[in-house]
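This report goes through one protein model, from its charged pairs to its overall fold. Please keep the sequence and the coordinates at hand.

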Amino acid sequence: MDQDAHHNSHVILGSINDKFAAQELSSISHHLGENTPGLTHVGSTGKAQMVDVSPKENSSRTAIASCKVVLGKKVFDLVLANQMAKGDVLTVAKIAGINGAKHTSTLIPLCHNITLAHVRVDLRLNPEDFSVEIEGEAASTGKTGVEMEAMTAVSIAGLTVYDMCKAASKDIQVTDIRLECKTGGKTGYWCREE
């Protein structure tokens with residue numbers, strides 16, 4: 001297939017996919033009803049878009065997220081004794097998590113670039129399951145929430161724990177990345193129910 005024909009096939013497929021996506025979106029919206037919140041990063045044609053937050057009011061916003069890194073006993077003991085070849089795992093992961101929160105909008109394309117007032121990342125060794133429990137908090141005053149910043153903080157901290165420990169084991173698992181609670185904005189307070 002020559003390049004023009006190949007390009008034209010993508011244009012035709014793109015056009016068909018756009019029409020299909022718009023029809024599906026309309027059908028789903030009708031089925032769910034008007035009171036069901038939609039996907040804010042999807043436009044009326046079904047294409048990705050950045051949300052316009054300019055009409056929103058500024059409010060104080062916080063979010064707390066968590067994640068777990070399952071190390072296994074051998075690696076856990078090395079981290080506990082601060083014997084990993086790369087150095088102090090928990091301190092490096094904490095700094096990486098804070099840095100990750102500050103760079104969320106460059107890592108996740110449709111996130112707004114926001115001014116963070118506070119970022120906290122805490123790591124705790126759990127001897128019961130040989131894991132590192134990570135909690136991250138982000139805070140800001142603005143027009144959009146900080147859930148993604150808190151979740152990015154714990155994700156990057158967890159990946160950093162993996163990177164610092166991978167020479168000792170490839171069986172390490174980064175798990176359970178999730179939002180725990182958030183405050184502020186139109187939806188106000190939300191907290192995960194256990």
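Which side chain meets that of Glu137 in a salt bridge? The partner is Arg120, at 3.0 Å from N to O. The model is a predicted one.

**Charged pairs**

Glu137 sits in strand β3 (residues 131–142), while Arg120 sits in strand β2 (residues 118–126), so their salt bridge ties together parts that are 17 residues apart in sequence. Both Glu137 and Arg120 are buried. Shared partners extend this pair into one salt-bridge network of Lys94, Arg120, Asp122, Glu135 and Glu137. Within it, the side chain of Arg120 also meets that of Asp122, at 2.6 Å from N to O. Asp122 is partly exposed, with a relative accessible area of 35%.

In total the structure holds ten salt bridges. Three of them are tabulated here, including the two just described.

| Salt bridge | N to O distance |
|---|---|
| Arg120 and Asp122 | 2.6 Å |
| Lys73 and Asp77 | 2.8 Å |
| Glu137 and Arg120 | 3.0 Å |

The Lys73 and Asp77 bridge has a local setting. Why can these two side chains reach each other? Lys73 and Asp77 are four residues apart in helix α2 (residues 73–80), so about one helical turn separates them. Side chains of opposite charge can pair when their charged atoms come close. Here the N to O distance is 2.8 Å. Lys73 is partly exposed, at 47% relative accessible area. Asp77 is partly exposed too, at 33%.

**A charge without a bridge**

Glu149 belongs to helix α5 (residues 147–165). Glu149 is buried yet has no salt bridge. How far away is the nearest side chain of opposite charge? That side chain is Arg61, at 9.6 Å. The cut-off for a salt bridge is 4 Å, so Arg61 does not qualify as a partner for Glu149. What does Glu149 touch instead, beyond its neighbours within four places in sequence? Its contacts there are Ala101, Thr104, His112, Ile114, Leu116 and Ala138.

**Aromatic pair**

The count of aromatic pairs is one. Phe76 and Phe130 form it, edge-to-face, with 5.6 Å centre to centre and 70° between the planes. The two rings come from distant parts of the chain, 54 residues apart. Phe76 is in helix α2, and Phe130 is in the loop between β2 and β3. Is Phe76 buried or exposed? Phe76 is buried, at 4% relative accessibility. Phe130, in contrast, is partly exposed at 27%.

**Strand pairing**

Strand β1 (residues 59–70) has antiparallel pairings with two strands described here. With β3 it forms twelve bridges. In that pairing, Val70 has Ser131 of β3 as its bridge partner. With strand β4 (residues 173–183), β1 forms eight bridges. There, Ala65 is matched with Leu179 of β4.

**The chain as a whole**

The protein chain has five helices and five strands. From the N terminus on, their order is α-β-α-α-α-β-β-α-β-β. Of its 194 residues, 33% count as buried. What share of the contacts with a separation of 6 or more comes from residues 24 or more positions apart? That share is 68%. The accessible surface of the protein chain comes to about 12200 Å². Carbon and sulfur atoms account for 56% of that surface.

Note on methods: Residues numbered from 1 in each chain as written. Predicted model: local features only at pLDDT ≥ 70, side-chain atom pairs only at ≥ 80, totals over all residues. Heavy atoms only, no water. Buried < 20%, exposed > 50% of the residue type's maximum accessible area, 1.4 Å probe, protein only. Pairing = 2+ DSSP bridges. Phe/Tyr/Trp six-rings, centres within 6.5 Å; stacked < 30°, edge-to-face > 60°. Lys, Arg positive; Asp, Glu negative; His and termini not counted. Contact = heavy atoms within 4.5 Å. Areas by Shrake-Rupley, 256 points an atom, 1.4 Å probe, with all protein chains shown as cover.
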